[in-house]
Amino acid sequence: MEDALSSKMAEFMTALDQVKKYRSIVASMPDFTLILLGSVVAALSVNVSMRLSTLFIGRNDGLSIVAFFLIMLLFPAGIITAILWVRRKMKSVKVGQWKSTLNEGAPGAIELLQDIQWDNIFSDIRYAKLGFFLYGIAKILAFWGLAVVSLFVFNWLVEFVLHMSIDYITVMLFSLVAVLVLSRNDLRKRYEQMGRLDWLMWELRWFESEFKGANFEA
Amino acid sequence: MKKIWLILALTVIIVAQVTFMSSFHSTFTHSYVSGTSAVVVSKMKYAYARVSIDILSSHFNSTVTLTFPNGTQQEITGHSYTMEVFLPRTGDFLGNDAIGTIITTTPNSPTDSDYDSLPRISLSSKHPVDADVVQNIPSNFLSWYDNPNYEFYNKIDVFWFEIQGEANIFISGSGMAI
C-alpha cells in the first residue's frame, strides 16, 4: 500500500514537473517573439542599407553578395536562436526536488500532498496548454518563413540559370504544405500531449476532491 | 510588460521598413543594336535612379561610338565598356496626380500612334524608373522632350545617348521613389 502510494505520487509529481516545463514556455514566448522580430528587423535593415548604398554610392558586387548571404543567414539564425532559447528556458526549470521527500515513504508522500497548492496547479496546467499550443503555432510559422525564404532563393537561382520561375502563391502554398508534412510528428506529439494535459487536469480534479475528503495520519 | 512594448516597437519598425522598401524599384533590359541606336533612361521627377549600362562590342575590331546630347563623343575601343548614370530627384508632384499619372510614350514621338511597336518610355507610380534601347533613331530623336508644351514635360526626366556600331547592351537600374 505504501509502495503504491509512493509510486503513484512519483508519477503525479513527474507529470507536474512536465507541466512546470510547459508553463515556462509561456514565460519565454515574449523572448521567442523578440528574437524572431529582432532577426527580421536586422535582415530588413541590411536589405535597406544595401539598396540605399547601391542607389547612392554605386554598384558593388562583392558587397551585394556579402549582404545577400547576411540576409539569408539572419532570419534562419533568428529562428534557431529563438527555439534554442525556449529549450534552454525549459531545461533550466528545476524539477525532481520532491524526490528526497518522497524517499521517506508514505509520510513524505503525504507531506508533498499537503504542500500542493491546487489552485496554482490548475492554473499552471491551463498556462502549460496555452504555451504548448502557442509555441507549436509559432514554431510552424517560423519554419514556414524559413521555407519561404529558402524557396525564394531557390526560385531566384532557377530563374537565373533556367529562365523559369514559380509564382509567389505557389511558393507560399508549397512551403506551407512542406512544413506541415515535415512537422507531422511534432504536430501529432503536440496533440497527444494536449490530450494528456486535459486528462491530467480531470484526474487532478478528482484527486483533489478525494484528498480533501480524506483524513491522513502521518 | 516592457517586453510587450518592445514587441510592439519592433513590429512598428518592421511595418515601416517594409513600407520604405516598397519605394525601391528596379528595371532591366537587354538589346542587340547595329547602326544608329539610342539608350533612353527615364524616370519620374520625384524618383532617384542609378543605371548601370554595359556595352559589349559584337566584334573585336568594330568600333562603337557614343554621342551624348551635348555633342560629346566617346569611342569605345575595348571589348566592353560600363557606365553608371545617377539621376537625382528633381521635383515633386503629389496625391492623385502622382498615383494617376501613367506615361507610355514612344521615345521617337510621344503622340504618333504609328510608333506603337517601338519600345516605350513606360512610367507610373509603380514603375517610376525605366530604361529602353531604341534602334534606327531619326535625327530629331527626342526633340519633343524639351518642348514645354509636352504634357509630361514637368513630370519626367530623360537621359539618353546615341550608339553607333554593333553592340550588345545590358541595362540594369535601381530607383527610389520617395
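Biologist: What share of the 178 residues in chain B is buried?

Modeller: Buried residues come to 48% of chain B. Keep in mind that this is a predicted model.

Biologist: OK, take Ser37(B). Why is Ser37(B) called buried?

Modeller: Its relative accessibility is 0%, and buried means under 20%, so Ser37(B) qualifies. Ser37(B) sits in strand β2 of chain B. Beyond its sequence neighbours within four places, Ser37(B) is in contact with Val134(B), Gln135(B), Asn136(B), Ile137(B), Phe161(B), Glu162(B) and Ile163(B).

Biologist: Lys43(B) is in strand β2 too. What makes Asp157(B) and Lys43(B) a salt bridge?

Modeller: The closest N and O atoms of that pair are 2.8 Å apart. The cut-off is 4 Å between a Lys or Arg side-chain nitrogen and an Asp or Glu carboxyl oxygen, so Asp157(B) and Lys43(B) pass. The pair links distant parts of the chain, with Asp157(B) in strand β10 (residues 156–164) and Lys43(B) in strand β2 (residues 36–44), 114 residues apart.

Biologist: And are those two buried or exposed?

Modeller: Both fall under the 20% limit: Asp157(B) has a relative accessible area of 12% and Lys43(B) has 0%, so each one counts as buried.

Biologist: Let's hop to chain A. How do you know that Arg23(A) and Asp124(A) form a salt bridge?

Modeller: Their side chains meet at 3.0 Å, N to O, and the limit is 4 Å, so the pair counts. Arg23(A) belongs to helix α1 (residues 2–56) and Asp124(A) to helix α5 (residues 118–162), so this bridge ties together parts that are 101 residues apart in sequence.

Biologist: Why are Arg23(A) and Asp124(A) called partly exposed?

Modeller: Partly exposed is what lies between the buried limit of 20% and the exposed limit of 50%. Arg23(A) has 28% relative accessibility and Asp124(A) has 23%, so both land in that range.

Biologist: What about Asp186(A) and Lys139(A): what makes that pair a salt bridge?

Modeller: The N to O distance there is 3.9 Å. The rule asks for within 4 Å, so the pair is accepted. Asp186(A) is in helix α7 (residues 184–213) and Lys139(A) in helix α5, so the bridge joins parts that are 47 residues apart in sequence.

Biologist: Why do Asp186(A) and Lys139(A) get separate burial labels?

Modeller: The line is drawn at 20%. Asp186(A) has 22% relative accessibility, so Asp186(A) is partly exposed; Lys139(A) has 11%, so Lys139(A) is buried.

Biologist: How many salt bridges does the whole structure have?

Modeller: The search finds nine over all chains. One of them runs across the interface of chain B and chain A.

Biologist: How do you know that the Asp31(A) and Lys3(B) pair is a salt bridge?

Modeller: The closest N and O atoms of Asp31(A) and Lys3(B) are 2.7 Å apart; with a 4 Å cut-off, the pair therefore counts. There are also six residue pairs in polar contact between chain B and chain A.

Biologist: Which elements of chain B touch chain A?

Modeller: Those giving two or more residues are α1, β3 (47–57), β6 (80–87) and β11 (167–177) of chain B. Of these, α1(B) gives the most, with eleven residues. That side of chain B divides into 13 nonpolar, seven polar and four charged residues.

Biologist: How many residues are in contact, and what area is buried between the chains?

Modeller: In chain B, 24 residues are in contact with 20 residues of chain A. The buried area is about 1900 Å², and carbon and sulfur atoms give 73% of that.

Biologist: What does the predictor say about its confidence in the complex and in chain B?

Modeller: The complex gets an ipTM of 0.81 and a pTM of 0.75. Chain B averages a pLDDT of 85, with 92% of the residues scoring at least 70. Among the elements of chain B, helix α1 (residues 2–21) has the highest mean pLDDT, 93, and helix α2 (residues 95–100) the lowest, 70.

Biologist: And what secondary structure does chain B have?

Modeller: Two helices and eleven strands, in the order α-β-β-β-β-β-β-α-β-β-β-β-β along the sequence.

Key. Residues numbered from 1 in each chain as written. Chains lettered and ligands numbered in written order. Predicted model: local features only at pLDDT ≥ 70, side-chain atom pairs only at ≥ 80, totals over all residues. Heavy atoms only, no water. Helix = DSSP H or I, 4+ residues; strand = E, 2+ residues; numbered from the N terminus. Buried < 20%, exposed > 50% of the residue type's maximum accessible area, 1.4 Å probe, protein only. pLDDT = per-residue confidence, 0-100. Contact = heavy atoms within 4.5 Å. Buried area = accessible area lost by both parts, 1.4 Å probe. Polar contact = N/O pair within 3.5 Å; in protein donor to acceptor, adjacent residues only side chain to side chain. Nonpolar A, V, L, I, M, F, W, Y, C, P; charged D, E, K, R; others polar.
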